[in-house]
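Reader: I've got a few labels I'd like explained, one at a time. Can we go through them with the picture in view?

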Amino acid sequence: MKTSMCAFLRGVNLNGKNMKMADVCQVFQRAPVHNVRSVLATGNILFESDSTPTELRPLLEKMMSEGFATEIFLFIKTQEEIESICLHSPFPPQNDLHVYAFLCEQGLEAVLMKQFETIKPIAQEKAQISHRQFYWQVPKGSTLDAGFSKGTGDRKLRNCFTSRNLNTVQKVYQNMLTFEKKATAQELGRMVQKQVASE
């Protein structure tokens, strides 16, 4: 059974890189995945696959790195995991604040929390782990100047995660739901056509 997933790419528009999502999707289409599509231009690639995230990640990182001639890191989450991220944010939406979800391997959320505890946060800057997911709240306009943003600059650490505004994660999840509904409707349509043809 195919599982719906999203690969969150790290550093799509950093260090001189400016990847076009159409080109990224073309690379993904050569992998054992189906229904490849992107949400926004920040490196959020959705697809379905019979393979597991653990199997796909090294393959996709290798294909992307070769395709764009630079080292690429990505982190794959299933639809179920993305739903959990959307549902369990500890920070309620506020007009003057951003909330970021950090996409990483299981266990790194504790490392990130320890890192946050070593910095001096700016006003309204907070971090919390909820359902094994690390969330970071920061005032709008202060993302790059906040203490935690500077504290995660170590290369060994920064290549182990990527982050997305919670609004982006919610858009990814909504795309998954919409695609799922369309696929179900199309399958029902095919079943009806077969039934009519057999009568």
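Reader: Leaving aside its neighbours within four places in sequence, which residues is Ile122 in contact with?
Author: Keep in mind that this is a predicted model. Once neighbours within four places are set aside, Ile122 touches Val138, Pro139, Ser142, Ala146 and Gly147. Take Ala146: 24 residues separate this residue from Ile122 along the chain, yet their C-alpha atoms sit 6.1 Å apart.

Reader: And where is Ile122 placed?
Author: Look in the loop between helix H4 (108–117) and strand E6 (126–130).

Reader: What makes Ile122 "partly exposed"?
Author: Its relative accessible area is 29%. Buried needs a value under 20% and exposed one over 50%, so Ile122 lands in between and gets the middle label.

Reader: How about Cys104, why is that one called buried?
Author: Same reasoning, other outcome. Cys104 has a relative accessible area of 8%, and the cut-off for buried is under 20%, so the label fits. You'll find Cys104 in strand E5 (residues 97–104).

Reader: Which residues is Cys104 in contact with, leaving aside its neighbours within four places in sequence?
Author: Phe75, Lys77, Glu109, Leu112, Cys160 and Phe161. As for Asn159, its C-alpha is 9.5 Å from that of Cys104, with the two positions 55 residues apart in sequence.

Reader: On to the helices. Why are H1 and H2 called oblique to each other?
Author: Helix H1 (residues 21–28) packs against helix H2 (residues 53–68) at about 130 degrees, and the axes are 10 Å apart. Roughly perpendicular covers 65 to 115 degrees and roughly antiparallel starts over 145. The angle of H1 and H2 fits neither range, nor the roughly parallel one under 35 degrees, so the pair counts as oblique.

Reader: What is the handedness of the crossing, left-handed or right-handed?
Author: H1 and H2 cross in a right-handed way.

Reader: Which residues meet there?
Author: From H1, Asp23, Val24, Val27 and Phe28; from H2, Leu60, Met63, Met64 and Phe68. By class, that contact has seven nonpolar residues, one charged and no polar.

Reader: Zooming out, how many helices and strands does the chain have, and what share of it counts as buried?
Author: There are seven helices and eight strands. Of the 199 residues, 44% count as buried.

Reader: And what share of the contacts with a separation of 6 or more comes from residues 24 or more positions apart?
Author: That share is 67%.

How values were computed: Residues are numbered from 1 along each chain as its sequence is written. This is a predicted model: local features need pLDDT of at least 70, side-chain atom pairs count only at pLDDT 80 or more; totals for chains, interfaces and linings use all residues. Side-chain values use heavy atoms; hydrogens and water are left out. Helices (H or I, at least four residues) and strands (E, at least two) are DSSP runs, numbered from the N terminus. Buried means under 20% relative accessible area, exposed over 50%, partly exposed in between (1.4 Å probe, protein chains only). Contact means heavy atoms within 4.5 Å. Axes are lines fitted to C-alpha atoms, for helices over the stretch in contact, and angles run from 0 to 180 degrees between N-to-C directions. A crossing is left-handed if the near helix is turned anticlockwise from the far one by less than a right angle, and right-handed if clockwise. Ala, Val, Leu, Ile, Met, Phe, Trp, Tyr, Cys and Pro count as nonpolar, Asp, Glu, Lys and Arg as charged, and the others, Gly among them, as polar.
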